[in-house]
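Take a walk through this structure with me. We begin at one residue and work outwards from there.

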Amino acid sequence: MIKCIVHRIKNIFSFSEEVWRLDFFLTFIVTIIITNLPIFLNIKPVNKLFDFIITYDYGMGGYIILLIILHLSNICRRLNDMGKHNGYALIAFIPILNLILLLALLLTP
């Protein structure tokens, strides 16, 4: 179990791996929780790297870009496992179709 978690953290930005449904879902939920935690708790980041990425003085641009890259890499890994082209990940930017894509990624074996 620990090996799986360490492997996922090392390859969190990988677009070429394959990932199963449960791993996709857990990575999706953990990514959403971790990236939104400073916003919901209104805390100032302690780590200097996150202080650089999440600057409340200059906006949340880097923070949003980090969230988009993590989300797209997770979608691409699941699409690789399904045998589909990574270009389908761009559907995630279309408002209603992104929910259909998410359901397809979660329910397709």
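Start with Thr27. Setting aside its neighbours within four places in sequence, Thr27 is in contact with Arg8, Ile12, Asn74 and Arg77. Thr27 itself belongs to helix α2. Its relative accessibility is 7%, so Thr27 counts as buried, because the limit for buried is under 20%. The side chain of Thr27 also reaches back along the chain. The backbone oxygen of Asp23 lies 2.7 Å from that side chain. Keep in mind that the model is predicted.

Stay in the same part of the chain for a moment. Helix α2 covers residues 21-41, and both Phe24 and Phe28 lie in it. These two are 4 residues apart, about one turn of the helix. Phe24 and Phe28 form an aromatic pair. A pair of aromatic rings is described by the distance of the centres and the angle of the planes. For Phe24 and Phe28, the centres are 6.3 Å apart and the planes meet at 15°. The pair counts as stacked, because planes under 30 degrees apart are classed that way. The count of aromatic pairs comes to 1. How buried or exposed are the two rings' residues? Phe24 has 0% relative accessibility, so Phe24 counts as buried. Phe28 stands at 17%, so Phe28 counts as buried too.

Now step back to the whole chain. It has 5 helices and 0 strands. Read from the N terminus, the elements run α-α-α-α-α. The chain has 109 residues, and 30% of them count as buried. Its accessible surface comes to about 7,700 Å². Carbon and sulfur atoms account for 75% of that surface. What share of the contacts joins residues at least 24 apart? Among contacts between residues at least 6 apart in sequence, the share is 62%.

Next comes the interior. Which residues make up the largest nonpolar core? There are 10 in all: Val19, Phe24, Leu72, Ile75, Cys76, Leu79, Ala89, Ala92, Leu101 and Leu105. Helix α4 (61-82) and helix α5 (97-107) each supply at least two residues of this core. The most comes from α4, with 4 residues. Phe24, already met in the stacked pair, is one of the core residues.

Ala92 is another member of that core. Ala92 lies in the loop between α4 and α5. At 15% relative accessibility, Ala92 counts as buried. Beyond its neighbours within four places in sequence, Ala92 is in contact with Ile75, Asn98 and Leu101. Two of these partners, Ile75 and Leu101, are listed in the core as well. His71 gives a further point of reference. His71 and Ala92 are 21 residues apart along the chain, and their C-alpha atoms are separated by 9.0 Å.

Helix α4 deserves a closer look. Begin with charge. The structure holds 1 salt bridge. Arg78 forms it with Asp81, and the closest N and O atoms are 2.6 Å apart. What separates these two along helix α4? Arg78 and Asp81 are 3 residues apart, which means about one helical turn. Their exposure can be set side by side. Arg78 has 1% relative accessibility, so Arg78 counts as buried. Asp81 has 26%, so Asp81 counts as partly exposed.

Ser73 is found in helix α4 too. Is Ser73 buried or exposed? At 0% relative accessibility, Ser73 counts as buried. Leaving out neighbours within four places in sequence, its contacts are Ile12, Phe13, Ser14 and Phe15. Ile12 has come up before, as a contact of Thr27.

End with Leu67, also in helix α4. Its relative accessible area is 23%, so Leu67 is partly exposed. Apart from neighbours within four places in sequence, Leu67 is in contact with Thr31, Ile32 and Thr35. Asn36 offers one more distance. Leu67 and Asn36 are 31 residues apart along the chain, and 9.1 Å separates their C-alpha atoms.

Key: Residues numbered from 1 in each chain as written. Predicted model: local features only at pLDDT ≥ 70, side-chain atom pairs only at ≥ 80, totals over all residues. Heavy atoms only, no water. Phe/Tyr/Trp six-rings, centres within 6.5 Å; stacked < 30°, edge-to-face > 60°. Buried < 20%, exposed > 50% of the residue type's maximum accessible area, 1.4 Å probe, protein only. Polar contact = N/O pair within 3.5 Å; in protein donor to acceptor, adjacent residues only side chain to side chain. Contact = heavy atoms within 4.5 Å. Areas by Shrake-Rupley, 256 points an atom, 1.4 Å probe, with all protein chains shown as cover. Core = buried A, V, L, I, M, F, W, Y, C linked by side-chain atoms within 4.5 Å. Salt bridge = Lys/Arg side-chain N within 4 Å of Asp/Glu carboxyl O.
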